[in-house]
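Here's a walk through one model, with an eye on its helices, its empty spaces and a few backbone oddities. Have the viewer open as you read.

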Amino acid sequence: MLRSAALSPTSAAGPVLSIRSLTKTYASGLQALKAVDLDIGRGEIFALLGPNGAGKTTLISIVCGLVTPTSGEVIADGHDIVRDFRPARTKIGLVPQELYTDAFERVIDTVTFSRGLFGRPKNPAHIERVLRELSLWDKRGERIKELSGGMKRRVMIAKALAHEPEILFLDEPTAGVDVELRRDMWNQVRALRESGVTIILTTHYIEEAEEMADRVGVIRKGELILVEEKNALMKKLGKKQLTLNLAEPMAAIPAELGEWSLSLQADGNELVYSFDGTAERTGIPSLLRRMTDLGIGFKDLHTRESSLEDIFVGLVHEERAA
């Protein structure tokens, strides 16, 4: 298990969200969260990854005031979410995974109503700005039921931004949208961060976290098993792979190559060597010399670095084995 920087937000201004010893045990006896400690820096994009049932939604629901914690403390921009519920909740916007809203409401009405729910005074200029930034201004008079799934997702974001929160939770923000719209929404999230909004997102799309996040947290069975800056994580745990396209397919790896971490792929046509790219000696020259000595030829070779998905799958597999 790797725990790094869980209590060290990236922002020098200090954490905008601070979670201490947070637990949740449901009446059924299910312990959904186990002493979670986490600081989120002001203005960062934090990605929370984990398999279904890991505790992601429970954590978000507690911070957003939808679920009562069993123990622990959550401070949102200086406000305790239990003792100072209303001012704390005003600091937070939530875009839930489910697309629920009144199908017969007009876009501008539902977004304006969301602002009023938080006691904010009317501000048509802000509502217009949010709708324009989300490419919804031209749809403002349409009813929700007339919109595509992607546009409905944008409406949910607009509703969450209507009261000008400083912390925005995105629960699976691009679930069910096509690749083009997903990239468009990534750009919008970056723009929100540039405007000062802190973003916490959960996602099943590993490339989403790899593309956008400053830090990554991995949660499993209610425990944060890892919190790390994305680039540092990939440098620490990411491996490189050398793939050799063999001149002739190989039925098995010769015993003489046993000292290298090798695997056969593509029906024996590819020999793959995994190695530490940061090590002083990679072992590649000696591998190639040994292959030449053994008369094993190859037509081509290329290398690639581990992706965040490779690292995530490896960590979860490691936790299961433990």
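What follows covers the ground rules, two helices, two pockets, a cavity and some single residues.

## Ground rules

This is a predicted model, where local features need pLDDT of at least 70, side-chain atom pairs count only at pLDDT 80 or more, and totals for chains, interfaces and linings use all residues. Residues are numbered from 1 along each chain as its sequence is written, and side-chain values use heavy atoms, with hydrogens and water left out.

Helices (H or I, at least four residues) and strands (E, at least two) are DSSP runs, numbered from the N terminus. Buried means under 20% relative accessible area, exposed over 50%, and partly exposed in between, with a 1.4 Å probe and protein chains only.

## Helix α3 and its buried side

Take α3, residues 107-117, to begin with. Its buried residues are Val-107, Thr-110, Val-111, Ser-114 and Arg-115. They cover an arc of only 145 degrees around the axis (going by the directions from the helix axis to the C-beta atoms), which puts them on the same side of α3. The background here is familiar: an α-helix has 3.6 residues a turn, so residues three or four places apart point the same way.

What do the buried residues of α3 pack against? Their partners are α4 (124-133) and α5 (149-161), where contact means heavy atoms within 4.5 Å. After α3 comes Gly-119, with a positive phi near 75 degrees.

## Helix α5, mostly wrapped up

Of the 13 residues of α5, 11 are buried, so this helix is largely enclosed by the rest of the structure. Gly-150 and Met-151 are on the buried list, as is everything from Arg-153 to Leu-161: Arg-153, Arg-154, Val-155, Met-156, Ile-157, Ala-158, Lys-159, Ala-160 and Leu-161.

The length of α5 checks out too. At 1.5 Å a residue, its 13 residues should span 18 Å (the expected span is 1.5 Å times one less than the number of residues), and the end C-alpha atoms are 19 Å apart, which agrees.

## Two pockets

Rolling a probe the size of a water molecule over the atoms shows where empty space is left. The search uses a 1 Å grid over the protein atoms alone: a cavity is a set of points where a 1.4 Å probe fits but cannot get out, a pocket is an open set with protein on both sides within 12 Å along at least five of seven lines, and lining residues have an atom within 4 Å of a point. Grid points are joined across faces, edges and corners, and a volume is the space filled by probe spheres set on the points.

The largest pocket has a volume of about 420 Å³. It has 19 lining residues, and Arg-89, Leu-94, Ser-114, Leu-117 and Phe-118 lie nearest its centre. Two or more lining residues come from each of α2 (85-90), β6 (92-95), α3 and α5, with α2 giving the most, 4 residues. The lining has 11 nonpolar, 5 polar and 3 charged residues; Ala, Val, Leu, Ile, Met, Phe, Trp, Tyr, Cys and Pro count as nonpolar, Asp, Glu, Lys and Arg as charged, and the others, Gly among them, as polar.

The second largest pocket comes in at about 360 Å³. It is lined by 15 residues, and Glu-133, Leu-161, Leu-192, Ser-195 and Val-197 are the closest to its centre. Both α4 and α6 (179-194) supply at least two lining residues, and α4 gives the most, with 4. By class, this lining has 7 nonpolar, 4 polar and 4 charged residues.

## One cavity

How many cavities of 30 Å³ or more does the structure hold? Just 1, with a volume of about 60 Å³. Its lining is made of Leu-17, Ile-19, Leu-38, Ile-40, Phe-46, Leu-48, Leu-59, Ile-60, Val-63, Phe-169 and Ile-200. The elements giving two or more of these are β1 (15-25), β2 (31-41), β3 (45-49) and α1 (56-63), and α1 gives the most, with 3 residues. In class terms, the lining is 11 nonpolar, no polar and no charged.

## Single residues to click on

Ser-61 sits in helix α1 and counts as buried at 13% relative accessibility. Neighbours within four places in sequence aside, Ser-61 is in contact with Leu-66 and Val-67.

Two non-glycine residues have positive phi. Ala-35, in strand β2, has phi of about 50 degrees and is partly exposed at 47% relative accessibility. Asp-267 has phi near 55 degrees, lies in the loop between β12 (262-265) and β13 (270-275), and counts as exposed at 76%.
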